[in-house]
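Student: Please take me through one part of this model in close detail. I would like to start with a single residue and then see what surrounds the rest.

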Amino acid sequence: MTDYNWCHGPECHTKQTQSRIRGSGTNKVLRTIKIKQGRYNGYQNGIWDYFCGNHCLFDFIRLHKDRIVALAPRSKALETPIKVEKEKYESTRWDFNNGIDNRPQRVPYMATRTTIKSVDND
Ligand SMILES: [Zn+2]
């Protein structure tokens, strides 16, 4: 088993960076970036084991988007049941018009806090 992947970005080997230069003398190339597996300890489900960066990831997605969405088509919206709680609380805001010596000042007001709560679906 190899412990590296080649970046899957379709244009990775065309980006002009020093890290991609390989070869010697007048026989040089730009090569796809070689990625060590697990380099970010599975961060973001290990997506960075396959792409050297955002640019290559999005190049890949743009090129293959039709086939990617065909893997799990979505014909209708999904919904998650929730409870929405609203509560009033005392806060302050900046008043820029009526301050002493025309300086902004904090004034009290009743604010509303909206909290989204999960609902147990069982
Ligand atoms: Zn790349």
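**A buried acid and its surroundings**

Tutor: D59 has a relative accessibility of 11%, so it counts as buried. Keep in mind that this is a predicted model.

Start with the partner of D59. Its side chain meets that of K15 in a salt bridge, at 3.3 Å from N to O. The pair joins distant parts of the chain. K15 sits in the loop between β1 (4–6) and β2 (21–24), whereas D59 lies in helix α1 (residues 54–70). The two are 44 residues apart. K15 is at 19% relative accessibility, which is under the 20% cut-off. K15 therefore counts as buried too.

Now the other salt bridges. The count comes to four. One of them pairs D66 with K65, at 3.5 Å from N to O. D66 has 56% relative accessibility, so it counts as exposed. K65, at 45%, counts as partly exposed.

Another joins R113 and E87, again with N to O at 3.5 Å. This pair also links distant parts of the chain. R113 is in strand β6 (residues 105–118) and E87 in strand β5, 26 residues apart. R113 has a relative accessible area of 36%, so it is partly exposed. E87 is partly exposed as well, with 40%. Back at D59, salt bridges with shared partners tie K15, D59 and R62 into one network.

Next, a charged residue with no such partner. D95 belongs to strand β5 (residues 82–95). D95 is buried, yet no salt bridge is found for it. R93 is the nearest side chain of opposite charge, 4.7 Å away. That is beyond the 4 Å limit for a salt bridge. Setting aside neighbours within four places in sequence, D95 contacts R103, P104, Q105 and V107.

Move to the metal. Four sulfur atoms coordinate the zinc ion: the SG atoms of C7, C12, C52 and C56. Their distances to zinc run from 2.2 to 2.3 Å. Why is the arrangement tetrahedral? The four donor atoms subtend angles of 102 to 114 degrees around the zinc ion. Those values fall inside the 85 to 135 degree window that defines the geometry. Along the sequence, the donors follow the spacing C-x4-C-x39-C-x3-C.

How buried are these cysteines? C7 has 6% relative accessibility, so it counts as buried. C12 has 0%, so it is buried as well.

The zinc site runs into the nonpolar core. The largest such core has eight residues: C7, C12, I33, I35, W48, F51, C56 and L57. C7, C12 and C56 are in this core, and they are also zinc donors. In soluble globular proteins, nonpolar side chains tend to be buried together.

W48 is a good core residue to inspect. Apart from residues up to four places away in sequence, it touches I35, R39, Y40, Y43, G53, N54 and L57. Of these, I35 and L57 are core members.

R39 deserves a look from its own side. It lies in the loop between β4 and α1. Its relative accessible area is 31%, so R39 is partly exposed. Not counting residues up to four places away in sequence, R39 touches W48, D49, F51 and C52. W48 and F51 come from the core, while C52 is a zinc donor. For a sense of span, take R39 and V84. These residues are 45 apart along the chain, and their C-alpha atoms are separated by 40 Å.

The R39 loop has two further points of interest. Q44 is in the loop between β4 (34–36) and α1. N45 has its place there too. Q44 is not a glycine, yet it has a positive phi of about 55 degrees. N45, not a glycine either, also has a positive phi of about 55 degrees. What of their exposure? Q44 has a relative accessible area of 42%, so it is partly exposed. N45 is at 81%, so it is exposed.

To return to the start: D59 is a buried acid with a salt bridge to K15. D95 is a buried acid without one.

How values were computed. Residues are numbered from 1 along each chain as its sequence is written. This is a predicted model: local features need pLDDT of at least 70, side-chain atom pairs count only at pLDDT 80 or more; totals for chains, interfaces and linings use all residues. Side-chain values use heavy atoms; hydrogens and water are left out. Donors are N, O and S atoms within 2.8 Å of the metal (3.2 Å for Na, K and Ca); water is not among the atoms, so sites may look incomplete. Four donors count as tetrahedral if all angles lie between 85 and 135 degrees; four count as square planar and six as octahedral if opposite donors are over 155 degrees apart and all others between 65 and 115; anything else is irregular. Buried means under 20% relative accessible area, exposed over 50%, partly exposed in between (1.4 Å probe, protein chains only). Helices (H or I, at least four residues) and strands (E, at least two) are DSSP runs, numbered from the N terminus. Lys and Arg count as positive and Asp and Glu as negative; His and the chain ends are not counted. Contact means heavy atoms within 4.5 Å. A nonpolar core is a set of buried Ala, Val, Leu, Ile, Met, Phe, Trp, Tyr and Cys residues joined through side-chain atoms within 4.5 Å.
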